[in-house]
Amino acid sequence: MILAGDIGGTKTNLALYDWTAERAEPLRLESFHSGDYKSLEDILVEFLTPPGPPSRGDSLEMEEEGSKGQKAEERASEPEKLTAACFGIAGPVIDNRCQTTNLPWIVDGSLIAKQFEIPRVQLLNDLEVTAYGLMWLRSDELEVLNVGNPPKKRQALALIAAGTGLGEGILFWDGKSYRPMPSEGGHTDFAPSNDQEIDLLRYLRGQYLHVSYERILSGPGLHAIYEFLRDTKKNEPTWLAEKIRAGNPAAEIAQAGLQGQAEIARQALDLFASIYGAEAGNLALKALSLDGVYIGGGIAPKLITKLQDGTFMKAFTNKGRYKRLMSQMPVKVIMNQQTALLGAASVAAALSLTSAT
C-alpha cells in the first residue's frame, strides 16, 4: 500500500493506492482544509488512524461525498502497512524538506518516515508531481486551446498552474522519457506589456514590496485585479460588492464575469486571462517547449470558457518575431483536478518497487 499527497495552500488531498505498474484509482481519498491544521503530521494522524467502532447512531448515517473526498464506508481496525509515500508540496523542496509558501508549515520527509514508519518518503514540488501525473493523463482529461505543430523529434514540455498560488515547471526529454524539473518561476517579477498592466503594477506596488506573477495569477490575484479596476474605474455594482464580502472573492468575481452579470468582473477576467497567456508564453520561450504547454491548477478548469475565447492565446503568441514559433506549440488545459495526486502516487509506486528490491 502506498500513500500519495497533494499539499496546497487551501486544501490537502491524501489518498491510499494499491499501485503496481499501471494507473490505479485511489482506494481511499480524503480532502482537508489545510488552514485548519498546524502541520501535515496532524492531517496524517487523522487520515491514517482508524476510527473506533461506529455507534448505533453513526451506523444509521452515510457520510456525504464532496469536499471530504471519496471515503470508504468502513476502515480496517488496524492501519494499513505503508511501503512508500510521496507528497507534492507548494514550495521549494531542498534535501527532502520544505517550508511551505502559503502555509506556516515545515514538512520534513525523514521525520514523517520515522513517525509513521514508512520506509520511503519523498517530498517534491507540487508542479513536479503534477508533471509526473501529466504522463498518466488520458486525452479526454485535456482541453485543447491550440493544436500546434510539434516537431517529430521530441523536445521539451512546459507546465504552468494557477490556484492558491502560481506554479511553473519544465519537462525535458532525456532520450527515453520526459523528466520533470521543479521551478519557482511563479515568484519572478511581473512584467507588464501595456499601459493598463503598467497601472496594475503601480497599484500592486503600493501593497507589496515585490510584485510577482503569483500576486496576479492566483485566486487572490484575480481579486487583486478586480480591486485595481474597482479603485481606478469606480464602477462596482453594490450587489457584487456584497457577495464578494460574504463569500469567496475569486469565485464570485469569476461567476459574475463568466455569466456577464457585471462589466467590471468581465474586465477582470479579460485581464487575468491575458496576463496568464503572456506568462505561459514567457515560460514556453524559456523552456523552448516545442512539444507543448500544459495549463494546470484549480483555476483553469473553472475558467475554461474564458480561456477558449482567444484572449489567452492572443497574449501567448504575442512575442514579436517569435509569434509564428509560439503558434506552433500545442497548448492544453488539464481538466483532471487530481493530476498532482496521480503524479505523487506514481512516484510512490516506483519508490515502493525500489525498496522491495
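These exercises with worked solutions cover a predicted model.

**Exercise 1. Confidence**

Find the mean pLDDT and the stretch where the pLDDT is below 50.

Solution.
- Start with the average: the protein has a pLDDT of 90.
- Next, take the share of residues that score at least 70, which is 90%.
- Then locate the weak stretch: the pLDDT is below 50 over residues 52–77.
- Finally, check its contacts. Beyond near neighbours in sequence, residues 52–77 have 26 contacts in the model.

**Exercise 2. The sheet**

Give the strand order of the open sheet, and explain why one side of β3 and of β8 is left without a neighbour.

Solution.
- Lay out the 5 strands: the order is β3-β2-β1-β4-β8, with mixed pairing.
- Look at the edges. β3 (28–33) and β8 (120–125) stand there with a single partner strand each, so each has one side without a neighbour in the sheet.
- Add the twist: neighbouring strands are turned by 15° against each other on average, direction ignored.
- Zoom in on one pair. Strand β1 (residues 2–7) runs parallel to strand β4 (residues 84–89), and 6 bridges join them.
- Set the register: Ile 2 faces Ala 84 of β4.
- Place the helix. α4 (residues 126–134) packs on the sheet and touches β4 and β8. The direction of α4 makes about 100° with that of β8.

**Exercise 3. Helices α6 and α9**

Classify the packing of α6 and α9, then list the residues that meet.

Solution.
- Take the geometry: α6 (residues 219–233) and α9 (residues 263–287) pack at about 125°, and their axes are 9 Å apart.
- Apply the cut-offs. Roughly perpendicular ends at 115 degrees and roughly antiparallel needs over 145, so the pair is oblique.
- Assign the hand: α6 passes α9 in a right-handed crossing.
- List the α6 side: Leu 222, Ile 225, Tyr 226, Phe 228, Leu 229, Arg 230 and Lys 233.
- List the α9 side: Ile 264, Ala 265, Gln 267, Ala 268, Leu 269, Leu 271 and Phe 272.
- Sort by class: this contact of α6 with α9 has 11 nonpolar, 1 polar and 2 charged residues.

**Exercise 4. Helices α8 and α9**

Determine how α8 (residues 249–258) is oriented to α9, and name the residues in contact.

Solution.
- Read the axes: those of α8 and α9 come within 7 Å and cross at roughly 100°.
- Classify: α8 is therefore roughly perpendicular to α9.
- Name the α8 residues: Ile 253, Ala 254, Ala 256, Gly 257 and Leu 258.
- Name the α9 residues: Ala 265, Arg 266, Ala 268 and Leu 269.
- Sort by class: 7 are nonpolar, 1 is polar and 1 is charged.

Note on methods
Residues numbered from 1 in each chain as written. Predicted model: local features only at pLDDT ≥ 70, side-chain atom pairs only at ≥ 80, totals over all residues. Heavy atoms only, no water. Pairing = 2+ DSSP bridges. Helix = DSSP H or I, 4+ residues; strand = E, 2+ residues; numbered from the N terminus. Axes fitted to C-alpha atoms, helices over the stretch in contact; angles between N-to-C directions. Contact = heavy atoms within 4.5 Å. Parallel < 35°, antiparallel > 145°, perpendicular 65-115°, else oblique. Left-handed = near helix turned anticlockwise from the far one by under 90°. Nonpolar A, V, L, I, M, F, W, Y, C, P; charged D, E, K, R; others polar. pLDDT = per-residue confidence, 0-100.
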